[in-house]
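Let's take a friendly walk through this protein, from its surface to its interior. Please have the model open as you read.

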Amino acid sequence: MRRYRKAVRHSKRVVVTLLVVAFVLVVLPNLLLKIPSVERAVARRVQTELSQALDTRVSIGRIGIDWLQQIELNDVVIYDRADMRMVAAKRLTGGVELMPLFKGCVSISSARLFSGELHVYRSRPDTALNIQFALDALKKKDPEDKSESLRLNINTILLRNCRLSAVGLLPAQSQPIELQGLNTTVRLFEVDSTGLQAQLRHMAFVEKHTGLVVRELRGDVRLQGDTLSVEQLRLQLPHSRLDLTSARCVFSPAGTSLPTLILTALEGKMRPSDLSGLLPILATLEEDLELSAPEVLVAAREAFMPEMSIRYGEELSLDFGLGLADIDQREDMQVRFRLDALKLGEGIYALAGDLFPGKRPDELSYLGAVDVMAAVTGRLSDLRVKTRIETDAGAITVQGEMGLDSAWRFSHVDGQATTNGLDLKPIAVSKDWPEHAAFDLRLSARREGGTLFSGNVDGRVSQLTYRGYTYEDLTIQGEALRGRWFGDVTMNDPNGSILLHSEGEGLPFGSASSVIGWQLTARDVRPDRLLPGYGLPEAETSLVSSGQLVGSRLDNLSGTISVDSLRWQTADKALLLHDLTVEAAQQEQGRTISIQSPYLRGELQGDFRPSALPATFVRFASDYFPALLQRRHADFHAD
């Protein structure tokens with residue numbers, strides 16, 4: 001019993017001692033701080049100590065101690081070395097370590113910022129951030145160092161309902177980054193003059209200019225100079241989630257304004273509409289975009305993405321790999337691109353209409369589902385390409401070599417395009433459009449300087465259907481050299497054979513100086529069958545003609561048209577012409593058109609438009625020679 005009473009008396013002494021200590025350490029300081037003169041004196045003292053610790057100007061309104069190991073500062077402003085507001089907060093609380101307190105030193109181990117504003121900037125690209133000196137002040141202090149009465153050994157930082165503005169973080173940054181509603185919890189492991197190592201346990205904010213909403217951002221962060229490393233990163237937007245095993249970003253690599261970025265194991269789902277603030281065009285994309293990239297490297301001289309997978313509902317499926325090296329060498333840049341699969345569902349056309357209203361040709365929707373495979377390798381100046389495109393309208397294969405020059409313009413092309421059949425009518429851009437085609441074409445071209453190309457094209461069109469008629473066995477051969485061109489087109493069809501040789505300068509009828517010449521031989525041609533739908537009479541014709549014209553349209557053409565022979569044979573009539581020559585010339589006094597033949601010779605001079613002559617002749621003949629040409633046939637027009 002006596003032992004029990006003794007234990008009770010001892011416990012009472014301990015409790016009373018603790019209450020006295022609590023009163024002295026907590027209640028008494030708060031009571032003293034209620035005295036205005038004491039509060040002002042303590043605030044000035046803390047303000048002085050904090051200014052010395054940060055080596056900058058600090059302003060504090062009021063101070064208080066809420067409980068053991070917790071100090072509260074109100075109306076705090078911390079300035080940077082340029083005497084600009086760096087941190088401003090209505091309330092700033094800090095955790096105080098107990099053991100250094102008994103030794104006469106205030107050591108702050110945590111900081112909590114409420115309703116604060118933070119301003120981060122870089123005055124010049126070659127200078128440090130304005131907060132660098134504050135990061136230096138946060139580096140761990142030697143616990144045995146007694147020279148400072150205030151130590152900032154902060155290992156935990158919390159921001160609640162804060163605002164952050166940042167300017168000049170990246171050399172190419174055009175507008176400030178402004179984060180609102182910023183809530184952050186950071187655990188600091190190491191802070192020194194060159195950087196920091198921390199754990200970002202939570203971050204959420206809304207970016208003012210883009211409207212980007214970040215619900216959750218966390219990961220292990222290490223900042224060393226201009227190099228930012230992140231491990232186990234998770235990003236959550238309102239409807240999106242991305243996970244990243246590791247990332248490394250160098251903001252100012254030597255010799256370039258572009259950052260170096262290395263990502264490992266990126267995967268997740270992204271709702272494009274979550275990024276509509278960055279790109280308003282994405283506002284209508286409400287399905288999840290699935291992403292997967294085991295490794296990504298983007299640097300000044302190289303880019304590497306061995307495997308990338310993207311899925312967007314039933315509309316898009318993309319699997320590819322990409323590698324670029326020697327990017328700064330322009331045309332000598334090495335390229336390796338592998339497109340394993342690009343599948344476009346039929347819904348992609350409606351999606352394209354939403355993204356680009358009024359700019360999508362409706363005819364493309366008739367292509368149906370699209371499946372593309374491709375491979376590109378080599379230097380930019382000498383690329384090897386192979387592509388196959390399969391659609392509901394047919395399939396086409398393109399392969400060969402191509403190159404770009406130092407200005408990234410096409411320098412040469414050597415390729416082949418092959419298809420066993422394309423249904424062209426559903427995607428026709430006009431009424432008179434071929435309905436079906438099958439061809440094998442080869443193209444070789446070299447840039448001669450500026451916009452001039454030299455090269456050749458040859459191939460065979462095995463089938464070409466137009467207005468219900470299928471033309472067979474068309475061959476094409478062409479060559480261009482320093483602005484001049486030559487070409488041959490042949491057709492061996494059951495309803496006639498045609499051989500056309502043509503040559504000229506410049507794009508045919510492209511300018512007033514364009515020159516086009518030809519030699520045409522047509523044998524046993526049935527125009528009514530080869531050109532159905534034009535109302536031509538049943539006839540068989542043969543024609544041998546040649547000529548040369550200069551100009552861009554009928555009213556400014558000059559040159560010669562020769563008809564060596566023309567035979568037009570119907571069931572009961574025949575027309576034969578030979579040695580007919582028509583010459584057109586532009587002179588100072590007007591235009592001259594002359595006709596020479598064994599049966600007719602004449603010349604027309606004056607100020608007139610050749611395009612109006614056919615209609616004028618038809619009206620003249622129908623008025624004065626009605627038996628020769630009835631009025632009901634006088635509906636001929638020429639453009």
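Which residues form a nonpolar patch on the surface? In this predicted model, the patch consists of Leu 443, Val 457, Ile 476 and Val 489, which together have about 260 Å² of accessible area. To find Val 457, look in strand E23, residues 452-466. Val 457 counts as partly exposed because its relative accessibility is 30%, and partly exposed covers the range between under 20% (buried) and over 50% (exposed).

**Nonpolar cores**

In soluble globular proteins, nonpolar side chains tend to be buried together. Here, the largest nonpolar core has 59 residues. Those with the most contacts inside this core are Leu 73, Ile 78, Leu 113, Leu 182, Leu 291, Met 308 and Leu 339. Strand E8 (residues 195-207) gives the core its largest share, five residues. A second core, separate from that one, has 14 residues, including Leu 422, Val 461, Tyr 471 and Leu 530.

**Paired strands**

Met 308 is a good place to pick up the strands. Its bridge partner in E16 is Phe 320. How many bridges join strand E15 (residues 302-312) to strand E16 (residues 316-325)? There are nine, and the two strands run antiparallel. E15 and E16 form a hairpin with three residues between them, and in its turn Gly 313 has a positive phi of about 55 degrees.

On from there, E16 is also joined to strand E17 (residues 334-344), again antiparallel, by 10 bridges. In this pairing, Gly 321 stands opposite Arg 338 of E17.

Another hairpin is made by E24 and E25, with two residues between the strands. Strand E24 spans residues 469-481 and strand E25 residues 484-493; they run antiparallel and are joined by eight bridges. Glu 479 stands opposite Phe 486 in E25. Which residue of this hairpin takes a positive phi near 50 degrees? That residue is Arg 482.

**Salt bridges**

Across the whole structure, a search finds 25 salt bridges. Three of them are set out here, with the distance between the N and O atoms.

| Basic residue | Acidic residue | N to O distance |
|---|---|---|
| Arg 271 | Glu 286 | 3.7 Å |
| Arg 388 | Glu 390 | 2.9 Å |
| Arg 442 | Asp 440 | 3.6 Å |

Why does the salt bridge of Glu 286 and Arg 271 tie together parts that are 15 residues apart in sequence? Both residues lie in the loop between strand E13 (260-270) and strand E14 (289-298), and the pair therefore links parts of the chain with that separation. Is each partner buried or partly exposed? Arg 271 is buried, because its relative accessible area is 17%. Glu 286, in contrast, is partly exposed at 45%.

In the pair of Arg 388 and Glu 390, Arg 388 is partly exposed, with a relative accessible area of 32%. Glu 390 is partly exposed too, also at 32%. Turning to the remaining pair in the table, Arg 442 is partly exposed, with a relative accessible area of 34%, and Asp 440 is partly exposed at 26%.

Finally, which residues are linked in a network of salt bridges? Look for Arg 234, Arg 241 and Asp 243, which are linked in this way.

Definitions and conventions. Residues are numbered from 1 along each chain as its sequence is written. This is a predicted model: local features need pLDDT of at least 70, side-chain atom pairs count only at pLDDT 80 or more; totals for chains, interfaces and linings use all residues. Side-chain values use heavy atoms; hydrogens and water are left out. Patches are made of residues with over 30% relative accessible area and no salt bridge: like charges are joined within 9 Å, nonpolar side chains (Val, Leu, Ile, Met, Phe, Trp, Tyr) within 5 Å. Accessible areas come from the Shrake-Rupley method with a 1.4 Å probe; for residues, only the protein chains shown count as cover. A salt bridge is a side-chain nitrogen of Lys or Arg within 4 Å of a carboxyl oxygen of Asp or Glu. Helices (H or I, at least four residues) and strands (E, at least two) are DSSP runs, numbered from the N terminus. Buried means under 20% relative accessible area, exposed over 50%, partly exposed in between (1.4 Å probe, protein chains only). Two strands pair if DSSP finds at least two bridges between them. A nonpolar core is a set of buried Ala, Val, Leu, Ile, Met, Phe, Trp, Tyr and Cys residues joined through side-chain atoms within 4.5 Å.
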